[in-house]
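Please take a moment to look over the sequence and the model below before reading on. The explanation that follows is meant to be read with both at hand.

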Amino acid sequence: VRHGFKDYYVYAFFRKVPLGTQALLLIAMIILIAKFRRLKILSNELFLIVPPLIIVTFFSLFSKSQIGIRHVLPAFPFLFVFISKIFNFGGIIRSRVVKAVVVIMSLWVVLSQLSYYPVYIAYFNESVGNRLNAYKHLADSNIDFGQSRGYVERYIRLNSRNRKIIHVCPAPGQKGIGIVGINDLLGVTVEPDRYKWLRDNYEPIGHLGFSYLIFDLNSPGKKVI
C-alpha cells in the first residue's frame, strides 16, 4: 500500500474514472480506428492520445510515491477533448444508436459522480461493487484527503445521546463501535500492523464521508452491509 504496485496508475484510472467516461473514450477510439485511413484526422488525434500515454508511462516507471490519481490529472484534458471529437468524426455520430449511447453514457457520468456528493475526492466507479470495499482497491489521496473529519465529529455528537460506546482509532479488546480512517486502517499513515487485528477479523458496517469506516467491535467477521 505504501509503495504502490506495478501499473498503479492504469489500475487507478479504471477504478476512479467514471465508467461512462471510459465508455465514451472507447467509442471515440473505435470511431478513430474506423477512420484511420484519413491521415489528416489521425495526425490530429495523435496529439491528443500521445501526451496522456507519456504522462501515465512516466509516472508508472519513475514515480515511487504512487499516492493518488491526482498525479496524472494533466492527462485528462487531452482525453476529454479527444472524447469530444466524437462529434467531428463524420457521419457516424448521426446514427441514432450512437447518439443514444453517448447521451446515456453522459448521464451515467453525471449521476455516478453526484451519488458521492459532497465528497467527490472519495469517488470510485461502480466496478468496486459495494462502496465499503473501495479501500481494498486504492487508498491514500484516492479516498481520503482530510475532507471527512467533520462527519466523524457529527456522528459522535449525534450518537452520544444514545449512550453508544464509540472508539475513534480503536484498540484490540475494546467493545462497541469503532471508527478508523481508511489510511490508518491500511497502514498508510500509521504503522502497517497497528490495525492488522481489525483488517483480519472485522468487516465495516458503514462509512463516514467514504473515508472513515465504522466497525461493530462486538461482532468479529460481521458481513458488509
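The paragraphs below go from the overall make-up to one helix, then to the strands, and finally to the aromatic rings and the backbone.

The model is a predicted one, and its secondary structure comes to eight helices and four strands. Read from the N terminus, the elements follow the order α-α-α-α-α-α-β-β-α-α-β-β. Of the 225 residues of the protein, 43% count as buried, while the protein exposes about 12800 Å², of which carbon and sulfur atoms supply 64%. When contacts between residues at least 6 apart in sequence are considered, 64% of them join residues at least 24 apart.

Helix α2, which covers residues 19-34, allows a check on its geometry: at 1.5 Å a residue, its 16 residues should span 22 Å, and the end C-alpha atoms are 22 Å apart, so the expected and the computed spans agree. The buried residues of this helix are Gly20, Thr21, Gln22, Leu24, Leu25, Ile27, Ala28, Ile31 and Leu32.

Among the strands, β4 (212-216) pairs with two others. Strand β2, residues 177-181, is joined to β4 by five bridges, and the two run antiparallel; within this pairing, isoleucine 179 has isoleucine 214 as its bridge partner in β4. Strand β3 is joined to β4 by three bridges, again in an antiparallel arrangement, and here the partner of glycine 206 in β4 is isoleucine 214. Isoleucine 214 is thus named as partner both for isoleucine 179 and for glycine 206.

How many of the residues of β4 are buried? Five of its five residues are, so that the strand is mostly covered. In a regular strand the side chains alternate between the two faces of the sheet. In β4, Tyr212, Ile214 and Asp216 lie on one side and Leu213 and Phe215 on the other, and as these are all buried, both faces of the strand are covered.

The hairpin formed by β3 and β4 has three residues between the strands, and glycine 209 in the turn has a positive phi of about 60°. Phenylalanine 210, which lies in the loop between β3 and β4, also has a positive phi, of about 70°, although it is not a glycine. Its relative accessible area is 13%, below the 20% limit for burial, so phenylalanine 210 is buried.

The aromatic residues can be followed next. A search of the whole structure finds eleven aromatic pairs. One of them joins tyrosine 116 and phenylalanine 210, whose ring centres are 4.5 Å apart and whose planes stand at 35°, so the pair is tilted. This pair links distant parts of the chain, since tyrosine 116 sits in the loop between α5 and α6, 94 residues from phenylalanine 210, and both residues are buried. Elsewhere, ring pairs link Tyr8, Tyr9, Phe58 and Phe59 into a cluster, and lysine 16 lies over the face of phenylalanine 124, at 4.6 Å from the ring centre.

The loop between α5 and α6 also holds proline 118, which is joined to tyrosine 117 by a cis peptide bond with omega about 0°. Aspartate 140 lies in that loop as well, and its phi is near 55°, a positive value in a residue other than glycine. With a relative accessible area of 22%, aspartate 140 is partly exposed, whereas phenylalanine 210 is buried.

Key:
Residues are numbered from 1 along each chain as its sequence is written. This is a predicted model: local features need pLDDT of at least 70, side-chain atom pairs count only at pLDDT 80 or more; totals for chains, interfaces and linings use all residues. Side-chain values use heavy atoms; hydrogens and water are left out. The expected span of a helix is 1.5 Å times one less than its number of residues. Buried means under 20% relative accessible area, exposed over 50%, partly exposed in between (1.4 Å probe, protein chains only). Contact means heavy atoms within 4.5 Å. Accessible areas come from the Shrake-Rupley method with a 1.4 Å probe; for residues, only the protein chains shown count as cover. Rings of Phe, Tyr and Trp (its six-membered ring) pair if their centres lie within 6.5 Å; planes under 30 degrees apart count as stacked, over 60 as edge-to-face and the rest as tilted. A charge sits over a ring if NZ of Lys or CZ of Arg is within 6 Å of the ring centre and within 35 degrees of the ring normal. Two strands pair if DSSP finds at least two bridges between them.
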